[in-house]
Amino acid sequence: MQLKAPRGTYDILPPESSKWQYIEGILKETAETFGYREIRTPIFEHTELFERGVGTSTDIVTKEMYTFKDKSLRSLTLRPENTASCARALIEHSIYSGIMPAKWYYIGPMFRYDRPQTGRYRQFHQFGVEAFGSNSPYLDAEVIILLIEVLKRLGLKEYELHINSVGCTQCRDVYRQKLIEHITPVKDRLCPDCQTRYQQNPLRVLDCKEKSCHQAIVNYPTLFQHLCSDCASHYDMVKEALKANSIDYRHDDNLVRGLDYYTNTAFEIHIPGIGAQSAVGGGGRYNGLVEDCGGPDLPGIGFAMGIERLLLAVNTLAAKGLDSGKSDVFITTMSDQYELQALELLTRLRQKNIRAEKDYMGRSGRAQMKYADKLGARMVIIIGDDEIQQGYFTLRDMQSKEQVQIDKKEIVESVKDRLAKFRGGNG
Ligand code: HAM
């Protein structure tokens with residue numbers, strides 16, 4: 001049997017990996033500009049973290065987690081998301097007793113057992129930011145502005161930002177009761193999952209993936225109509241801040257998000273045209289999460305974006321990003337006996353950060369030139385008998401086809417200067 005990557009996973013091969021590096025560079029730079037610093041948490045955590053953080057009646061916890069026992073019979077889970085892990089790290093390292101807010105970003109793989117399709121994978125990658133310690137509605141706005149800035153820097157102009165407020169525990173308690181009363185008469189028409197969870201967590205019926213559930217509960221009362229005055233004014237201030245920053249949004253009564261930890265502001269960003277899985281990012285406030293994970297009563301807000309979905313949306317990447325797989329210079333040897341000289345020169349060029357390559361397949365001189373072309377090399381350094389005897393290298397410009405002879409001692413500097421001119425010329 002031929003071994004293949006498991007269903008819902010895939011390899012990222014060159015040149016595709018250049019696109020990843022390009023996108024990741026923009027994500028990191030944007031987050032750093034906004035004052036977020038990188039956090040790296042383990043790929044697996046104690047299962048209990050996600051049960052307590054994400055919620056035992058969510059689809060993620062009930063159906064989608066990769067959970068396994070290790071050799072000591074501990075239950076561990078491959079992280080399906082990273083917000084709960086950040087909350088755990090904040091508590092474990094007592095970050096909350098330092099300077100607040102703590103502002104973090106992360107990029108890495110997440111794991112969910114779901115039916116794979118375009119834009120939905122079992123191992124996928126998220127870029128996310130989390131800010132702990134402040135309840136300011138302007139921090140909600142900052143996080144959303146960051147998300148939009150990322151899209152702008154990626155050249156994505158067609159997007160829809162949906163926002164809502166899912167209130168605090170107080171307004172939600174009143175609302176929950178109203179929703180249960182609305183659902184109970186039609187409970188037999190719900191999917192089996194919702195029939196068992198609607199009493200405990202009726203909000204999950206609202207974001208259930210089954211159409212029949214939505215048809216059954218049509219005209220349900222919305223959470224937005226039940227916000228307490230504090231939550232309503234928090235939401236108004238977020239919207240005002242977005243307007244002041246010229247960010248278009250759509251208030252969406254139906255947006256509740258599929259994870260239990262959300263309070264107040266919730267948002268999602270959709271890019272039409274990338275298929276059924278159009279949500280490239282989502283997030284919101286989670287003022288109870290840190291406490292639910294065993295820490296102090298500390299508010300938080302953040303979002304995560306699916307990098308695969310961003311890639312689907314970014315189909316015309318800036319040439320700069322795609323260029324990154326190319327070589328600057330290729331060394332062609334006209335005889336095997338000069339290979340050692342080539343390798344030594346290669347090392348000196350690379351020490352100056354010049355992308356240099358040579359042949360390792362015993363190609364003829366002609367075939368090496370063809371190969372250099374394939375690698376996208378701007379210049380070729382030729383080492384042949386004349387060169388070695390007379391102490392120079394021949395430098396060939398692959399675009400103009402011009403060749404010049406350069407003293408051996410000056411070759412590295414000469415290549416460097418020419419590259420700087422190329423780069424300057426091409427912006
Ligand atoms: P989420 O909405 O579950 O939120 O995921 C965020 C984004 O990850 C989605 O909008 C989507 O782009 C991407 N995504 C999710 N599942 C998959 C999948 N199976 N395949 C490909 N992409 C996927 C969270 O994970 C929250 N932790 C976000 C957050 C951070 N809220 C507050 N802080």
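Ser-414 is found in helix α17, which spans residues 411-425. In this predicted model, Ser-414 has a relative accessible area of 13% and is therefore buried, since the limit for that class is under 20%. Beyond its neighbours within four places in sequence, Ser-414 is in contact with Leu-395 and Ile-406.

From this buried position the description turns to the ligand. The residues around the ligand number 26, and those that come nearest are Glu-81, Thr-83, Glu-130, Tyr-262 and Ala-279. Two of these names recur in the polar pairs made with ligand nitrogen. In the side chain of Glu-81, an N or O atom is 2.6 Å from a nitrogen atom of the ligand. For Thr-83, the corresponding distance from a side-chain N or O atom to a ligand nitrogen is 2.9 Å. An oxygen atom of the ligand is also engaged, with a polar side-chain atom of Arg-112 at 2.9 Å. The ligand taken alone exposes 650 Å², and 95% of that area is buried by the protein.

Strands contribute to the shell around the ligand. At least two shell residues come from each of β6 (123-132), β10 (279-285) and β11 (300-306). The most is given by β10, which supplies six residues.

The next topic is charge pairing. Side chains of opposite charge can pair when their charged atoms come close. Across the whole structure, a search finds 25 salt bridges.

One of them links the side chains of Asp-260 and Arg-204, with an N to O distance of 2.3 Å. Asp-260 belongs to the loop between β8 (250-251) and β9 (263-270), whereas Arg-204 sits in helix α8 (residues 203-206), so this pair ties together parts that are 56 residues apart in sequence. The two partners fall into separate accessibility classes: Asp-260 is partly exposed because its relative accessible area is 26%, while Arg-204, at 2%, is buried.

A salt bridge within a single helix is provided by Lys-19 and Glu-16, whose side chains meet at 3.6 Å, N to O. Both residues lie in helix α1 (residues 16-33), and because they are three residues apart, about one helical turn separates them. Lys-19 has 24% relative accessibility and counts as partly exposed. Glu-16 is likewise partly exposed, with a relative accessible area of 34%.

The side chains of Arg-350 and Glu-357 form another salt bridge, with N and O 4.0 Å apart. Arg-350 is partly exposed at a relative accessible area of 38%, and Glu-357 is partly exposed at 25%. Elsewhere, Asp-59, Lys-63, Asp-193 and Arg-197 are joined into one network by salt bridges that share partners.

The account closes at the surface, with nonpolar residues. Ile-43, Phe-44 and Phe-68 form a nonpolar patch there, and together they have about 250 Å² of accessible area. Ile-43 is located in the loop between β1 (37-38) and β2 (44-46). Its relative accessibility of 33% is why Ile-43 counts as partly exposed. That value also satisfies the requirement for patch residues, because they must have over 30% relative accessible area.

Notes. Residues numbered from 1 in each chain as written. Predicted model: local features only at pLDDT ≥ 70, side-chain atom pairs only at ≥ 80, totals over all residues. Heavy atoms only, no water. Patch = residues over 30% accessible without salt bridge, like charges linked within 9 Å, V, L, I, M, F, W, Y side chains within 5 Å. Areas by Shrake-Rupley, 256 points an atom, 1.4 Å probe, with all protein chains shown as cover. Helix = DSSP H or I, 4+ residues; strand = E, 2+ residues; numbered from the N terminus. Buried < 20%, exposed > 50% of the residue type's maximum accessible area, 1.4 Å probe, protein only. Contact = heavy atoms within 4.5 Å. Near = heavy atom within 4 Å. Polar contact = N/O pair within 3.5 Å; in protein donor to acceptor, adjacent residues only side chain to side chain.
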